[in-house]
Amino acid sequence: MGYQAVVMVLSGVGIPVLAALNARLGANIGSPAAAALVLFMVAFCATGAVVLMTGTGAFARMAGQPGHLFLGGLFVAFYVLSVTYVAPSFGVGNAVFFVLLGQLISAAVIDHFGLFGARVAEVSPMRLAGIAVMALGVALTQFAGRG
């Protein structure tokens, strides 16, 4: 697991930070959509810099890829827009809780069926119990102590 786990934990740390920052920006400027667009422009510049540093050869192979592989961009846009609109009134913690719940469900389905070329990991009763415990843990951290 090693460094990959650390990278993914850091990525997970970034999700609620992204949600809070972009929700605040959207509220401050009165346009969650404009805040999301700015976020994507910053992200475009950052990833563009990484591509320039690591090589642009992959772009030559884009044309031959199945169209559905490009839908990820729509999912990212949906996430950013939805969290930017919802988090100020719903709360960042609540928004991220439901995002995590959706991630647990979709990751299990993707792994179980090996969708999109993912490694197959069947949802056994033990794995389902583990997912349920994870979901319960997330729920407890979000809702415990609220009166």
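A residue is described here as buried when its relative accessible area is under 20%, as exposed when that value is over 50%, and as partly exposed in between. By this criterion, Pro32, Ala35, Ala36 and Leu39 of helix H2 are buried in the predicted model. The cover over the buried residues of H2 includes helices H1 and H3.

The overall architecture of the protein chain is helical, with five helices and zero strands. Read from the N terminus, the order of elements is α-α-α-α-α. Along the principal axes, the C-alpha atoms occupy a box of roughly 50 × 45 × 30 Å. The protein chain comprises 147 residues, of which 17% count as buried. Its accessible surface amounts to about 10200 Å², and carbon and sulfur atoms contribute 76% of this area. Among contacts between residues at least 6 apart in sequence, 58% link residues that are at least 24 apart.

Helix H2 was examined for its geometry as well as its burial. With 23 residues at 1.5 Å a residue, H2 should span 33 Å, and the computed distance between its end C-alpha atoms, 33 Å, agrees with this expectation. Just after H2, Gly55 adopts a positive phi of about 115°.

The interior was next considered. In soluble globular proteins, nonpolar side chains tend to be buried together. In the present model, the largest nonpolar core consists of 10 residues, namely Ala19, Ala23, Ala36, Leu39, Tyr79, Val80, Val83, Ala87, Ala95 and Val96. Helices H1, H2, H3 (72-90) and H4 each provide at least two residues of this core. The largest share, four residues, is supplied by H3. Two of the buried residues of H2, Ala36 and Leu39, are members of this core. Tyr79, another core member, touches Ile15, Leu18, Ala19 and Val99 when residues up to four places away in sequence are not counted.

Nonpolar side chains are also found at the surface. Leu25, Ile29, Leu37, Val38, Met41 and Val42 form a nonpolar patch with about 520 Å² of accessible area together. Helix H1 (2-29) and helix H2 (32-54) each contribute at least two residues to this patch, and H2 gives the most, with four residues. Val38, one of the patch residues, is located in H2. Its relative accessible area is 37%, so Val38 is classed as partly exposed. A relative accessible area of over 30% is required for membership of a patch, and the value of 37% for Val38 satisfies this requirement. Helix H2 thus carries buried residues, including Ala35 and Ala36, as well as residues of the surface patch.

Charge pairing was examined across the whole structure, and one salt bridge was found. Asp111 and Arg127 form a salt bridge in which the closest N and O atoms are 3.0 Å apart. Asp111 belongs to helix H4 (residues 92-113) and Arg127 to helix H5 (residues 125-143), so the pair ties together parts that are 16 residues apart in sequence. Neither partner falls under the 20% limit for burial: Asp111 is partly exposed at 21% relative accessibility, and Arg127 is partly exposed with a relative accessible area of 26%.

Conventions: Residues are numbered from 1 along each chain as its sequence is written. This is a predicted model: local features need pLDDT of at least 70, side-chain atom pairs count only at pLDDT 80 or more; totals for chains, interfaces and linings use all residues. Side-chain values use heavy atoms; hydrogens and water are left out. Patches are made of residues with over 30% relative accessible area and no salt bridge: like charges are joined within 9 Å, nonpolar side chains (Val, Leu, Ile, Met, Phe, Trp, Tyr) within 5 Å. Accessible areas come from the Shrake-Rupley method with a 1.4 Å probe; for residues, only the protein chains shown count as cover. A salt bridge is a side-chain nitrogen of Lys or Arg within 4 Å of a carboxyl oxygen of Asp or Glu. Buried means under 20% relative accessible area, exposed over 50%, partly exposed in between (1.4 Å probe, protein chains only). Contact means heavy atoms within 4.5 Å. A nonpolar core is a set of buried Ala, Val, Leu, Ile, Met, Phe, Trp, Tyr and Cys residues joined through side-chain atoms within 4.5 Å. The expected span of a helix is 1.5 Å times one less than its number of residues.
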